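These are comments on the model, set out as numbered points for discussion. They follow the chain from its overall layout to single residues.

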Amino acid sequence: MTATLPPRTGPVRLTSPLRKSPDANDGRHLGVCVLSIAIDGMEDHIARYGKDGFDSIVNQVARIIRGNIRSYDVVGRLEADRIGVLLINTAASDAYLWA
């Protein structure tokens, strides 16, 4: 996964993806949409595949998401069964369509 942000450095490290947006230098306010994606049945997956197996499932889902978003958007693990996606410079209606 990319951009898993430790609590102390999160705000600092997020400035890099924001600066990479093509619209970052034109002086406009950049909208950011946050998506939260949960992997259902975490306990069942762990019972069947083990914790490492479940981690592999979450990482694979994150890789698939990463391959389908723009280079300056951010994907990271929020919780054991949850992935977060920051869609930089994205209107809420566009994020809804993406989700």
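1. Over how many bridges do strand 2 and strand 3 pair, and in the parallel or the antiparallel sense? Five bridges join strand 2 to strand 3, and the pairing is antiparallel. Two residues separate these strands, which together form a hairpin. Within this pair, Val75 is placed opposite Val85 of strand 3. The model is a predicted one, and the points below should be read with that in mind.

2. Overall layout. The protein chain has three helices and three strands, arranged along the sequence as α-β-α-β-β-α. Of its 99 residues, 29% count as buried. The accessible surface is about 6500 Å², and carbon and sulfur atoms make up 54% of that area. Among contacts with a separation of 6 or more, 54% are between residues 24 or more positions apart.

3. The sheet. The three strands form an open sheet in the order 1-3-2, with antiparallel pairing. Strand 1 (32-38) and strand 2 (74-79) are the edge strands; each has a single partner strand, so one side of each has no neighbour in the sheet. On average, neighbouring strands of this sheet are turned by 25° against each other, with direction ignored.

4. Strand 1 against strand 3. Strand 3 covers residues 82-88 and pairs with strand 1 in the antiparallel sense over seven bridges. Val34 has Leu86 of strand 3 as its bridge partner, and Ile37 stands opposite Ile83, also in strand 3. As general background, side chains in a regular strand alternate between the two faces of the sheet.

5. Burial of strand 3. Why is strand 3 described as largely enclosed by the rest of the structure? The reason is that six of its seven residues are buried, which here stands for a relative accessible area under 20%.

6. Helix 2 and the sheet. Helix 2 (residues 42-66) lies across strand 1, strand 2 and strand 3, and runs at about 155° to strand 2. Its buried residues are Met42, Gly53, Phe54, Asp55, Val58, Ala62 and Ile65. These buried residues pack against strand 1, strand 2 and strand 3, and also against helix 3 (92-98). In general, an α-helix has 3.6 residues a turn, so residues three or four places apart point the same way.

7. Shape of helix 2. How far apart are the end C-alpha atoms of helix 2? They are only 21 Å apart, although the helix has 25 residues and a straight helix would reach 36 Å at 1.5 Å a residue. Helix 2 also bends by about 115° at Tyr49. The end-to-end distance and the bend are best read together when this element is described.

8. Cys33. This residue is found in strand 1. Is Cys33 buried or exposed? Cys33 counts as buried because its relative accessibility is 12%, under the 20% limit. Leaving aside residues up to four places away in sequence, Cys33 touches Val85, Leu86, Leu87, Thr90, Ala91, Ala92 and Ala95.

9. Cys33 and Asp94. Asp94 has its place in helix 3. The two residues are 61 residues apart in sequence, while their C-alpha atoms are 9.2 Å apart in space. Asp94 counts as partly exposed because its relative accessibility is 44%, which falls between the limits of 20% and 50%.

10. Asn89. Which residue other than glycine has a positive phi near 55°? That residue is Asn89, and it lies in the loop between strand 3 and helix 3. With a relative accessible area of 23%, Asn89 is partly exposed. A description of this loop should mention the positive phi of Asn89.

Terms used: Residues are numbered from 1 along each chain as its sequence is written. This is a predicted model: local features need pLDDT of at least 70, side-chain atom pairs count only at pLDDT 80 or more; totals for chains, interfaces and linings use all residues. Side-chain values use heavy atoms; hydrogens and water are left out. Helices (H or I, at least four residues) and strands (E, at least two) are DSSP runs, numbered from the N terminus. Buried means under 20% relative accessible area, exposed over 50%, partly exposed in between (1.4 Å probe, protein chains only). Contact means heavy atoms within 4.5 Å. Accessible areas come from the Shrake-Rupley method with a 1.4 Å probe; for residues, only the protein chains shown count as cover. Two strands pair if DSSP finds at least two bridges between them. Axes are lines fitted to C-alpha atoms, for helices over the stretch in contact, and angles run from 0 to 180 degrees between N-to-C directions. The expected span of a helix is 1.5 Å times one less than its number of residues. The bend at a residue is the angle between axes fitted to the seven residues ending there and the seven starting there.
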